[in-house]
Amino acid sequence: MPSVDHTTPPFAERIAELLARLSLDEKIGQLQQVAGAGGHVSDDLARAVREGRVGSVINEVHAPTVNALQWIAVHESRHGIPLLIGRDVIHGFATVFPIPLGQAASWNPDVVERGARIAAREAAACGVNWTFAPMIDIGRDPRWGRVAEGYGEDPYLTATLAAAAVRGFQTHDLTAPDAIAACAKHFVGYGASESGRDYNSTNIAPRELRDVHLPPFAAAVQAGVASVMTSFSDLDGIPASANRDLLTGVLRDTWGFDGLVVSDWDSIRQLAVHGLTADEWGSAREAALAGVDMEMASTTYAAHLAELVRSGHVPLAQVDAMVSNVLRLKFRLGLFERPFTEPASFPVAGNDAHLDAAYASACESIVLLTNTQREHEYLLPLAAGALQRVAVIGPLADDPYEQLGTWIFDGDAQHSRTVLQALRHTLPDSVQIEVAPGVPNTRSHDESGFADAVRAAERAEVAILVLGEESILSGEAHCRADVSLPGAQERLVEAVLATGTPVVLVIMAGRALALERIAHRVHALLYAWHPGSLGGPAIVDLLFGVVAPSARLPVTLPRVTGQIPIYYAQKHTGKPATPETVVSIHDIHPRAPQLSIGNTSFHLDVDPAPLFPFGYGLTYTWVEYDAPSVQHAEVALTGTVELSATITNRGARAADEVVQLYVRDLVGSVTRPVRELKGFQRVHLAPGERRTVHFSLPVSALAFHGRDLTLAVEPGRFHAWVAPHAAAGTFVEFSVCA
Ligand code: NOJ
């Protein structure tokens with residue numbers, strides 16, 4: 001894939017020429033992003049654009065309005081500078097793909113790239129030339145509603161998918177009519193919001209920041225991402241929009257980023273609300289000096305930057321650099337040459353090809369977590385021919401809107417196909433489908449619908465329950481202190497289980513839910529996230545084996561909320577829990593004496609293992625892993641570790657197996673995670689097929705920030721696993737020699 005054109009010389013001249021003509025106020029105008037009026041050009045906005053007080057418009061997707069605004073910018077303003085048109089195109093536009101967390105479960109960069117490509121095309125038709133995606137915050141706390149928007153808990157997986165999303169939105173040619181600028185957000189550490197409460201403070205140790213939270217952004221920059229958005233959060237006391245060390249030091253000086261840095265909505269004004277500054281004057285100054293080029297929504301630059309320059313508090317050169325970053329993106333997008341959109345030249349949004357892609361993406365995103373055996377047969381896949389009556393239960397079984405997930409401003413629920421619709425389409429007419437929502441919505445405690453659900457289950461050979469969370473229970477500002485199934489849904493599961501009818505539970509949710517009380521009691525469990533427009537057919541085709549499940553968890557599933565944060569790449573601690581040392585709260589007799597000898601790290605009231613580990617997911621076959629081997633047990637610092645493992649499909653069905661490479665650095669100058677993902681491959685295996693999977697791992701990929709915070713590989717012993725998930729497999733040892 002050719003890299004994005006970063007050749008600055010032609011732009012440098014054009015930027016310099018423009019800068020020389022712009023007044024200070026016009027320069028500051030380029031730094032302002034304002035909201036559109038929604039489908040028409042308001043007088044105020046027209047005037048502001050005409051007078052050069054606007055560099056970008058957010059949230060205007062009505063193509064004629066966008067074109068009218070561009071016309072004013074290009075033909076009626078003094079310098080004819082086109083506008084950046086920004087929009088949150090997060091997991092699709094009219095066609096909605098699975099939420100990003102769901103797409104991450106595909107462990108397939110092509111899924112992410114294809115989804116972003118189609119989203120870009122549909123958005124560009126409306127005149128959008130800039131999306132605020134991908135969100136690549138590491139999400140290790142599912143209480144935080146925004147985990148839905150990211151790619152999960154792991155820096156390597158997130159970095160890989162971040163690059164794929166950037167390629168999908170931008171292509172290799174940002175000037176293409178259907179390419180839009182991507183935005184890596186939120187820089188940085190927002191996912192660590194304390195207690196999973198949105199906008200909350202973060203306290204990330206410097207090493208963790210560098211080893212865990214920054215790498216996805218580095219990967220996005222490497223992939224040529226056009227812009228970066230600052231986070232709302234503060235990190236160790238410094239709100240992101242004022243963090244010069246990170247915005248200028250790391251992003252620009254160390255990584256060489258020459259794209260655009262945009263604030264989050266109102267986040268510059270909020271510097272004063274944080275208590276970092278006394279007023280908007282101070283906020284504008286802090287943000288400008290830190291390196292925030294464009295201000296989203298608030299107007300502190302417009303109000304104060306000119307005076308800050310005149311009074312010497314912000315150098316003019318800094319403003320020129322900020323404006324240059326804005327103009328450079330406009331040149332990169334080819335907006336001066338092609339400011340208008342021609343909707344008629346684009347494929348219709350929500351067309352069959354786009355919906356087919358959403359279907360394929362959903363199929364690869366839905367994780368099979370349990371599938372019990374009954375009379376020597378697994379419950380799934382269901383055999384349509386053997387069924388006479390099916391009960392379809394749950395508030396999410398037939399809700400075209402709620403399956404779409406968070407951030408679907410432009411999502412069109414008319415394209416949605418629900419589980420119930422897909423069942424009706426798939427099952428022969430001879431099969432009776434009895435529908436009973438059970439509860440009016442996922443949060444309701446109203447049990448008056450239970451009786452109908454139980455009756456339907458009693459009469460059926462299988463009960464398909466579609467439960468979880470409505471879209472609005474995750475996403476920005478929608479955090480939960482308790483991540484179990486909301487409302488009366490667990491009780492509904494119990495009631496249906498009591499009928500003795502086999503139960504397939506399908507979960508639609510924007511986060512990892514804590515399902516300990518029911519996960520292993522239902523007969524099959526499918527984790528569908530919010531699967532998007534074509535979630536229904538994807539789920540039904542997985543249930544009936546038209547498609548084989550291949551997705552894997554991009555996050556650890558906790559048993560109970562109190563285990564959070566629980567993620568696979570934990571430290572070993574000095575007192576790791578072992579099966580022999582773990583005791584239950586019920587085993588402790590009254591007045592038991594306090595002892596510390598032999599105690600280890602666990603909670604008294606929950607099994608220390610997660611409910612399902614990171615990387616976990618079943619297929620409709622059984623793949624056996626032989627122990628991995630390493631070609632050379634000693635490798636030089638400049639070398640490559642050659643690892644392989646043979647895997648065999650022992651079942652009668654084909655599988656797409658996600659083979660995962662994990663490494664542990666046994667001794668470091670600082671403590672190291674018990675495992676770190678370093679690679680993965682999707683491998684197709686025919687029934688009975690045996691295949692050796694190779695990984696070439698450059699030793700440089702073992703680098704981490706050591707005691708002195710410099711990035712280096714420390715020679716010594718390592719363990720490597722080639723395994724189906726983060727809690728499985730046997731290791732092979734190798735050493736890195738100095
Ligand atoms: C606030 C959100 O934090 C950010 O992710 C989003 O892109 C902006 N609002 C614009 O809608």
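1. Let's start with the sheet. It is open and has six strands, ordered β11-β18-β17-β16-β14-β15, and the pairing is mixed. Who sits on the outside? The edges belong to β11 (367–371) and β15 (432–436), and each has a single partner strand, so one side of each is left without a neighbour in the sheet. From one strand to the next, the twist averages 15 degrees. Bear in mind that this is a predicted model.

2. Now the β11 edge in a bit more detail. β11 and strand β18 (residues 524–527) run antiparallel, and four bridges join them. If you want a residue pair to look at, try Leu368, whose bridge partner in β18 is Leu526.

3. On to a helix that goes with this sheet. Helix α18 (residues 489–497) lies across three strands: β14 (389–393), β16 (462–468) and β17 (503–508). Relative to β16, helix α18 runs at about 175 degrees.

4. There is also a helix pair to check, α12 (residues 280–290) with α13 (residues 300–310). Their axes are 9 Å apart and the packing angle is about 80 degrees. Angles of 65 to 115 degrees count as roughly perpendicular, and α12 and α13 are therefore roughly perpendicular to each other.

5. Which residues make that helix contact? From α12 you have Glu280, Trp281, Ala284, Arg285, Ala287 and Ala288, and they meet Thr300, Tyr301, His304, Leu305, Glu307 and Leu308 in α13. Sorted by class, the contact of α12 with α13 has seven nonpolar, two polar and three charged residues.

Technical notes:
Residues are numbered from 1 along each chain as its sequence is written. This is a predicted model: local features need pLDDT of at least 70, side-chain atom pairs count only at pLDDT 80 or more; totals for chains, interfaces and linings use all residues. Side-chain values use heavy atoms; hydrogens and water are left out. Axes are lines fitted to C-alpha atoms, for helices over the stretch in contact, and angles run from 0 to 180 degrees between N-to-C directions. Helices (H or I, at least four residues) and strands (E, at least two) are DSSP runs, numbered from the N terminus. Angles under 35 degrees count as roughly parallel, over 145 as roughly antiparallel, 65 to 115 as roughly perpendicular and the rest as oblique. Contact means heavy atoms within 4.5 Å. Ala, Val, Leu, Ile, Met, Phe, Trp, Tyr, Cys and Pro count as nonpolar, Asp, Glu, Lys and Arg as charged, and the others, Gly among them, as polar. Two strands pair if DSSP finds at least two bridges between them.
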